[in-house]
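User: I should like to learn how to read the main features of a protein model. May we go through one together?

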Amino acid sequence: MNYFTELSIELANQRNYLDLLFNVYPLCPDTIRHIDEDVWSRVERSYTGRDNNELLNALLDMKLFPVKDGYVPYFRRDRSAIERNPSTVNRICGRIREMSIDQLYDKCTQPKETNRQMGPLFRRWLQRGVLGMEMVSVSDFSAGTTDVVIDGSDNELKHFAQEHLGYTRNKGIDFIAYRNHQYVIGEAKFISDEGGHQNDQFLDAITTVKTTVAPNVHCIAILDGVLYIRSKKKMFRSITEDDIPVMSALLLRDYLYTL
């Protein structure tokens with residue numbers, strides 16, 4: 001087992017782990033989504049006027065579509081398909097019209113799932129200077145500057161890692177630090193439960209750890225949540241049976257200062 005994994009397990013099981021973790025991930029699950037007033041006006045007009053094509057077009061302009069349907073992503077990518085597929089449009093809109101306009105509004109303003117809030121919250125936590133290292137943008141970074149966290153979007157960090165660090169995944173990155181002429185690439189996730197999408201999130205982070213990189217680059221998984229609960233379940237076995245650099249965000253500073 002990795003040393004920092006062992007420390008993370010001790011932290012999660014012996015101290016006020018969740019209270020401390022709230023500083024990193026201050027989740028606000030009851031915050032409703034903002035809806036553009038002009039878009040919502042189009043929804044109301046088309047809903048009242050029974051114009052299914054316009055109703056679907058207006059709802060596709062929203063970040064959250066009000067019903068789950070496997071055909072909706074196709075329409076998002078090709079709006080011209082709306083005119084060519086009236087039966088599918090009417091079927092989807094029929095489900096939408098089973099709701100009142102108030103119910104439809106509630107569906108469109110539902111809060112983001114908590115796991116989708118994690119990336120921005122982790123980055124916001126870093127920007128508070130909690131690691132004791134200066135943050136510099138990707139464009140301002142130079143290898144002559146050490147003890148820094150490189151700041152940027154997932155894609156900006158991915159492109160930087162691909163170009164300079166030998167990173168071979170086509171997947172965004174949450175964290176890059178540079179200390180003592182060594183780089184650290186990290187994937188940060190909050191694993192709220194076992195199974196389904198959460199297992200996929202866990203495996204995604206472990207895949208990043210095992211990705212081929214340059215010799216002076218360390219890949220780590222910055223994971224928090226149920227994976228540190230002592231059990232016979234797959235996640236706990238995975239992090240304890242092998243020496244994989246998995247650690248809580250709360251121990252990230254300690255890890256960096258060992259380099």
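User: What percentage of the 259 residues of the protein count as buried?

Analyst: Please note that this is a predicted model. A residue counts as buried when its relative accessible area is under 20%. Of the 259 residues here, 46% meet that criterion. The protein has 13 helices and 6 strands, and its C-alpha trace spans about 65 × 40 × 30 Å along the principal axes.

User: Why is helix H4 described as largely enclosed by the rest of the structure?

Analyst: One counts the buried residues of the helix. In H4 (residues 52-60), 7 of the 9 residues are buried, so the rest of the structure largely encloses this helix. Among them are Leu-55, Leu-56 and Ala-58. The cover over the buried residues of H4 includes helix H3 (37-49), helix H5 (72-77) and helix H7 (86-97). At the N-terminal end of H4, Asp-51 acts as a cap, with a side-chain oxygen 3.3 Å from the backbone nitrogen of Asn-53.

User: In what order do the strands of the sheet lie?

Analyst: A sheet is read from strand to paired strand. This open sheet of 6 strands has the order E1-E2-E3-E4-E5-E6, and its pairing is mixed. Strand E1 (134-137) and strand E6 (246-247) are the edge strands, each pairing on one side only.

User: In which sense do strands E3 and E4 pair?

Analyst: Strand E3 (residues 175-179) and strand E4 (residues 182-191) are antiparallel, with 5 bridges between them. Ala-177, for instance, has Val-184 in E4 as its bridge partner. Helix H10 (residues 154-164) packs on the sheet, touching E2 (148-151), E3 and E4, and its direction makes about 50 degrees with that of E3.

Note on methods:
Residues numbered from 1 in each chain as written. Predicted model: local features only at pLDDT ≥ 70, side-chain atom pairs only at ≥ 80, totals over all residues. Heavy atoms only, no water. Pairing = 2+ DSSP bridges. Helix = DSSP H or I, 4+ residues; strand = E, 2+ residues; numbered from the N terminus. Contact = heavy atoms within 4.5 Å. Axes fitted to C-alpha atoms, helices over the stretch in contact; angles between N-to-C directions. Buried < 20%, exposed > 50% of the residue type's maximum accessible area, 1.4 Å probe, protein only. Polar contact = N/O pair within 3.5 Å; in protein donor to acceptor, adjacent residues only side chain to side chain.
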